[in-house]
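Me: I would like a close look at a single part of this model, with the wider setting brought in where it helps. Please take it slowly and keep the reasoning explicit.

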Amino acid sequence: MVIIVIVINIFISLLCLSLARKIWMLTLTINRLEKRLILMEQRTRFVLEKAPNFINSGQRGSYQLRQNYHQFQVKLQQLQQALGLISLAVKFWPKGGKPRKSNL
């Protein structure tokens with residue numbers, strides 16, 4: 001009877017030891033996961049802290065680009081008007097001035 005109790009106690013001890021080892025391994029895995037999550041959170045925070053500055057810079061750049069494009073459109077329109085006037089002047093300008101006498 002004593003041997004049966006000892007064998008059952010040893011079996012229960014091995015079962016508890018196995019369970020304790022699995023809990024220990026789970027704890028290590030959770031700690032590694034926690035460290036990775038903390039590192040990811042720090043890197044994300046670092047990137048997102050800079051984001052408003054980059055967004056503002058992009059907005060200023062876009063605004064400046066729109067302004068430059070508008071100025072370019074105005075200058076292009078003026079150039080097209082000038083070329084239209086030159087074309088009109090060339091069309092109605094008298095050709096050749098005085099007719100020359102031929103030496104024949």
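Which residues form a nonpolar patch on the surface, and about how much accessible area do they have together?

Reply: This is a predicted model, and what follows should be read with that in mind. The nonpolar patch on the surface is formed by Tyr69, Phe72, Leu76, Leu79, Leu83, Ile86 and Val90, which together have about 720 Å² of accessible area.

Two members of the patch can be followed further. Ile86 is found in helix H1, which covers residues 2-92, and Val90 lies in helix H1 as well. Ile86 has a relative accessibility of 51% and therefore counts as exposed, the cut-off for that class being over 50%. Val90, at 55% relative accessibility, also counts as exposed. To place Val90 within the chain, one can take Val7 as a reference: these two residues are 83 apart along the chain, and their C-alpha atoms are separated by 117 Å.

The wider setting of the patch is a chain whose secondary structure comes to 1 helix and 0 strands. The radius of gyration of the chain is 44 Å, whereas the globule rule gives 13 Å for 104 residues, so the chain is more spread out than a compact globule. The C-alpha trace gives a further description of this form, spanning about 150 × 35 × 15 Å along its principal axes. Of the 104 residues in the chain, buried residues make up 0%, where buried means under 20% relative accessible area. The accessible surface of the chain comes to about 10700 Å², and carbon and sulfur atoms account for 68% of that surface.

Helix H1 also holds a charged pair, which can be set beside the nonpolar patch. A search of the whole structure finds 1 salt bridge, and Arg45 forms a salt bridge with Glu41, in which the closest N and O atoms are 2.4 Å apart. Both residues lie in helix H1, with a spacing of 4 residues, or about one turn of the helix. Arg45 counts as partly exposed because its relative accessibility is 44%, and Glu41, at 37% relative accessibility, likewise counts as partly exposed. Helix H1 thus carries the partly exposed Arg45 as well as the exposed Ile86 of the nonpolar patch.

Terms used
Residues are numbered from 1 along each chain as its sequence is written. This is a predicted model: local features need pLDDT of at least 70, side-chain atom pairs count only at pLDDT 80 or more; totals for chains, interfaces and linings use all residues. Side-chain values use heavy atoms; hydrogens and water are left out. Patches are made of residues with over 30% relative accessible area and no salt bridge: like charges are joined within 9 Å, nonpolar side chains (Val, Leu, Ile, Met, Phe, Trp, Tyr) within 5 Å. Accessible areas come from the Shrake-Rupley method with a 1.4 Å probe; for residues, only the protein chains shown count as cover. A salt bridge is a side-chain nitrogen of Lys or Arg within 4 Å of a carboxyl oxygen of Asp or Glu. Helices (H or I, at least four residues) and strands (E, at least two) are DSSP runs, numbered from the N terminus. Buried means under 20% relative accessible area, exposed over 50%, partly exposed in between (1.4 Å probe, protein chains only). The radius of gyration is taken over C-alpha atoms; the globule rule is 2.2 Å times the number of residues to the power 0.38.
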